[in-house]
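Student: I have a sequence and a model in front of me. Could we go through the fold by question and answer?

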Amino acid sequence: MPSRCRNALNIVVTTLFAAVVLFTILLAYVTGYQFIHTEQHHLSFGLYGAFLSLHLFLQSLFAFLEHRRMRSPARPQHLRRTVALCIAAYQEDPDYLRKCLRSIRRISFPGLKVVLVVDGNRPEDRYMMDIFQEVMGGADQAGSMVWKGNYHSDGSGGGCVEGGGRSTVHMEEAVRVARLVRGCRYSCIMQEWGGKREVMYTAFKALGDSVDYVQVCDSDTVLDPACTIEMLKILEDDPMVGGVGGDVQILNKYDSWISFLSSVRYWMAFNIERACQSYFGCVQCISGPLGMYRNSLLQRFLEPWYHQTFLGSKCSFGDDRHLTNRVLSFGYKTKFTARSQCQTETPTQYLRWLNQQTRWSKSYFREWLYNALWFHKHSLWMTYESVVTGFFPFFLVATVIHLFYRGRLWNILLFLLTVQLVGMVKATYACFLRGSLVMIFMSLYSLLYMSSLLPAKIFALLTINKAGWGTSGRKKIVINLIGAVPVTVWAMVLLGGVVYTIYCETQEPLSETEKALLIAGTILYACYWLILLVLYLAIVAKRCNKREEQYHLPYAEA
């Protein structure tokens, strides 16, 4: 069959499959068909619940199979491949940057090239280059340069320069940057501020085709010594793998309750969700702190990646997700390996975490649309999972509003119990897979998702073309209150539902069955929170704000 016909057939089949999946979810949700239920429908299990249960089971199963596959990876056949590690830095906390660079010096890969690009060339940004020279400067072939502009600006304040608009001086500086990066094993470039994508572009562009693979890393990340070779094994084992990501853990998980809950959520996201995607070769986001790409492929889409626009505006966030999407768009597979590890910083303050999640949700919805263009080039699982996860927040919002305004307290309590039950099931499986009881606290994240992350996702969709409201540099933390807006509105909506429900219940006396269910459900819910709170205070709270407790991995000696 000619390639065009096969491609067209794949598009038709994939589109029909996506429509069937969405129609099935809609049908299950709208009809509310119930397999079993009590006499007065106080308790029931229906088609929609069965669909979600099957989804969680399949996701967990494929994640388990992928972890089994990871335990015996193929050994690389070509150990003499060249790899460049590119680090993006912006107003970084000096302590984090120093730990990052020290961990890089310990990476067990001979001849690893390191490129640090600092987003900013003002005097107050100089400390990052000083730290680089302090940690890396003693090595052979180390170099640094302060660039007045960047590849798209000459530093004169006159805006972007493209093609013929570049001055001779600007072109000469660009040549100097490329010569420095290619000629030195360790190099540091300070350039005019332009955002993370501009920083990454500089490193990729300056490297050109001088290396076989490009590894990416954030400046707040501590890397495991074996991280590079483990990702290289995956790329070498299959020439159709274009990118691979590692297991990102939290460096400062005991700084606060929000950073701790983020740590268990990160483990779930990488070791279950992305492990499942990796089983089918379609990881949809290779995370910025730890990833590696086939350089020959990266150079092919470097310009389109940098110049990405959405609704007429240049994209300024979601750089790593779009980089992954570009790999998928060429038909290459993307993988995950838990054998490659790192630890990275996460927000410790609630509002800063909320702003981060809002920004990530914006890039998720935007990249979902782009990703849909390439469903036909990959496994049907990629189509299925994208449809389910893409539409799930909207079904959940509709469910919450419906139950909170239905006029029955039992409906609200049952919903809260169901949320925590699902969280406990997922947490129990995570405890088994990870071999650690600490994952039981993953069930607490369910409430954080319902109360904060869910409204943040809707807000992100409504403001998807707004470029601001992201997280700030870590040297000076800036809190943006805009993230509290959707949470406040959502809380008022839920509170209104509770008030309305209480009013309705006062108009009609409760039956004996409802009273018994409310009492039993309330006691069960209270016991759950009491037990989890006691465990949290006994296991987690006493370790918070003890920085020496954070760095528990072997590579933390950096």
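Student: Leaving aside neighbours within four places in sequence, with which residues is S386 in contact?

Tutor: This is a predicted model. S386 lies in helix α13, residues 380–404. Neighbours within four places in sequence are left aside. The contacts of S386 are then Q284, Y364, W368, N371 and F375.

Student: Is S386 buried or exposed?

Tutor: Buried means under 20% relative accessible area. S386 has a relative accessible area of 1%, so S386 is buried.

Student: How do the axes of α12 and α15 cross: roughly parallel, oblique or roughly perpendicular?

Tutor: Helix α12 covers residues 350–371 and helix α15 covers residues 442–462. Their axes come within 8 Å and cross at roughly 55°. Roughly parallel needs an angle under 35 degrees, and roughly perpendicular needs 65 to 115. That angle therefore makes α12 to α15 oblique.

Student: Which hand does the crossing of α12 and α15 have?

Tutor: The angle of roughly 55° does not name the hand. The crossing of α12 and α15 is right-handed.

Student: What kinds of residue make up the contact of α12 with α15?

Tutor: From α12 come residues including W353, L354 and F365. From α15 come others, among them L448, L453 and F459. K362 of α12 and K457 of α15 also take part. The residues of the contact divide into eleven nonpolar, four polar and two charged.

Student: Which strands are the edge strands of the nine-stranded open sheet?

Tutor: The strand order is β5-β6-β4-β3-β7-β10-β9-β13-β8, with mixed pairing. The twist averages 25° from one strand to the next. An edge strand pairs on one side only. The edge strands are β5 (142–146) and β8 (221–223).

Student: Which residue in β6 stands opposite D119?

Tutor: Strand β4 holds residues 113–119, and strand β6 holds residues 186–191. They pair in the parallel sense over six bridges. Opposite D119 in β6 stands Q191.

Student: Which residue in β10 stands opposite V214, and which opposite G243?

Tutor: In the strand order, β10 sits between β7 and β9. Four bridges join β7 (residues 213–218) to β10, and these strands run antiparallel. Three bridges join β9 (residues 241–250) to β10, also antiparallel. V214 stands opposite Y293, and G243 stands opposite Y293.

Student: Which residues of β10 point the other way from G291 and Y293?

Tutor: In a regular strand the side chains alternate between the two faces of the sheet. In β10 (residues 291–294), G291 and Y293 point one way, and all four residues named for the strand are buried. The residues pointing the other way are M292 and R294.

Student: Why is helix α11 largely enclosed by the rest of the structure?

Tutor: Helix α11 runs over residues 319–329. Its buried residues include D319, R321, H322 and R326, along with L323, V327 and L328. Helix α11 is largely enclosed because its buried residues number eleven of the eleven.

Student: What phi does G331 take, just after α11?

Tutor: G331 comes just after α11. Its phi is positive, at about 85°.

Student: Where is Q91, and what is its phi?

Tutor: Q91 is found in the loop between β3 (83–89) and α3 (94–105). Q91 is not a glycine, yet its phi is positive, at about 45°.

Student: Is L311 buried or exposed?

Tutor: L311 has its place in the loop between β11 (309–310) and β12 (313–314). Its phi is positive, about 55°, although L311 is not a glycine. Exposed means over 50% relative accessible area. L311 has 61%, so L311 is exposed.

Definitions and conventions
Residues numbered from 1 in each chain as written. Predicted model: local features only at pLDDT ≥ 70, side-chain atom pairs only at ≥ 80, totals over all residues. Heavy atoms only, no water. Axes fitted to C-alpha atoms, helices over the stretch in contact; angles between N-to-C directions. Helix = DSSP H or I, 4+ residues; strand = E, 2+ residues; numbered from the N terminus. Parallel < 35°, antiparallel > 145°, perpendicular 65-115°, else oblique. Left-handed = near helix turned anticlockwise from the far one by under 90°. Contact = heavy atoms within 4.5 Å. Nonpolar A, V, L, I, M, F, W, Y, C, P; charged D, E, K, R; others polar. Pairing = 2+ DSSP bridges. Buried < 20%, exposed > 50% of the residue type's maximum accessible area, 1.4 Å probe, protein only.
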